Amino acid sequence: MIARKPLEGRVQDNLRKWKTGGWRRISERQPFGDVIKSSPATQRERKIANHPSLKPQSFLRQVVYAALPLGEGIVLDPFAGSGSTLAACNAVGYSSIGMEKDPVYVEMAEKAIGPLSRIQLVDPVPPQLF
């Protein structure tokens, strides 16, 4: 889920003023689409972090890349679980903060963030534009 305050005027006005409010383009020619192709987490990812709702890095890296439209800011994950979103942030070069109240998952995330962020994808997120 992505939450934002109501826009003040146009998206481009909010980007200039607040540096947020839109999605980062995949490339200069291609906007962020309405659908992100995805499949379940791979066996390799499951071996690193066997969380019941583990999201695949191929999906999360696209989402976190798009979440900071100007490539600036910090991604907050208030339900960090296995740390897969935080790992995706590391992989695309973003700062992130995660919170998790279950000590089992805190320990899982501590162990999993590094290895998950180092997974090489076949179709990685485009290189950063900033």
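## A nonpolar surface patch

Four residues form a nonpolar patch on the surface of this predicted model. They are I74, L76, I97 and M99. Together they offer about 390 Å² of accessible area.

M99 sits in the loop between β2 (95–98) and α5 (103–117). Its relative accessibility is 42%. M99 therefore counts as partly exposed. M99 also takes part in a contact with A80. Leaving aside residues up to four places away in sequence, A80 touches L86, G98, M99 and E100.

## Confidence

The average pLDDT of the chain is 88. A score of at least 70 is reached by 92% of the residues. Confidence is lowest in α1, where the mean is 85. It is highest in α5, at 98.

## Salt bridges

There are five salt bridges in the structure. Side chains of opposite charge can pair when their charged atoms come close. R10, D13 and R16 are linked in a network of such bridges. D13 meets R10 at 3.0 Å, N to O. D13 also meets R16, at 3.8 Å, N to O.

D13 and R16 both belong to helix α1 (residues 11–18). They are three residues apart, so about one helical turn separates them. Accessibility varies within the network. D13 is partly exposed, with a relative accessible area of 28%. R10 is partly exposed too, at 48%. R16 has 62% relative accessibility and counts as exposed.

Another bridge joins K19 and E72, with the closest N and O atoms 3.0 Å apart. This pair links distant parts of the chain, 53 residues apart. K19 lies in the loop between α1 and α2 (43–48). E72 lies in the loop between α3 (57–67) and β1 (74–77). Both partners are partly exposed: K19 has 41% relative accessibility, and E72 has 38%.

## Helix α1 and the loop after it

N14 lies in helix α1. Is N14 buried or exposed? Its relative accessible area is 6%. The cut-off for buried is under 20%, so N14 is buried. Not counting residues up to four places away in sequence, N14 touches L7, E8, G9, K19 and T20. One of these contacts, K19, is also the salt-bridge partner of E72.

K37 is found in the loop between α1 and α2. At 76% relative accessibility, K37 is exposed. K37 and K55 are 18 residues apart along the chain. Their C-alpha atoms are separated by 13 Å.

## Helices α3 and α4

Several residues of α3 are buried: Q57, L60, R61, V63, V64, Y65 and A66. Their cover includes α2, α4 (84–92) and α5.

Why is α4 described as largely enclosed by the rest of the structure? Seven of its nine residues are buried, so the surroundings largely enclose it. The buried residues are S84, T85, L86, A87, A88, C89 and V92. What covers them includes α3, β1, β2 and α5. Helices α3 and α4 thus appear in each other's cover: α4 helps cover the buried residues of α3, and α3 helps cover those of α4. After α4 comes G93. Its phi is positive, near 85 degrees.

## Nonpolar cores

Which residues make up the largest nonpolar core? There are twelve in all: A41, A49, L54, A80, L86, A87, M108, A109, A112, I113, L116 and I119. Helices α4 and α5 each supply at least two residues of this core. The most come from α5, which gives five.

Apart from this core lies another, of nine residues. Among them are V64, L68, V75 and C89. V64 is one of the buried residues of α3. C89 is one of the buried residues of α4. L86 and A87, also buried in α4, belong to the largest core.

How values were computed: Residues numbered from 1 in each chain as written. Predicted model: local features only at pLDDT ≥ 70, side-chain atom pairs only at ≥ 80, totals over all residues. Heavy atoms only, no water. Patch = residues over 30% accessible without salt bridge, like charges linked within 9 Å, V, L, I, M, F, W, Y side chains within 5 Å. Areas by Shrake-Rupley, 256 points an atom, 1.4 Å probe, with all protein chains shown as cover. Salt bridge = Lys/Arg side-chain N within 4 Å of Asp/Glu carboxyl O. Helix = DSSP H or I, 4+ residues; strand = E, 2+ residues; numbered from the N terminus. Buried < 20%, exposed > 50% of the residue type's maximum accessible area, 1.4 Å probe, protein only. Contact = heavy atoms within 4.5 Å. Core = buried A, V, L, I, M, F, W, Y, C linked by side-chain atoms within 4.5 Å. pLDDT = per-residue confidence, 0-100.
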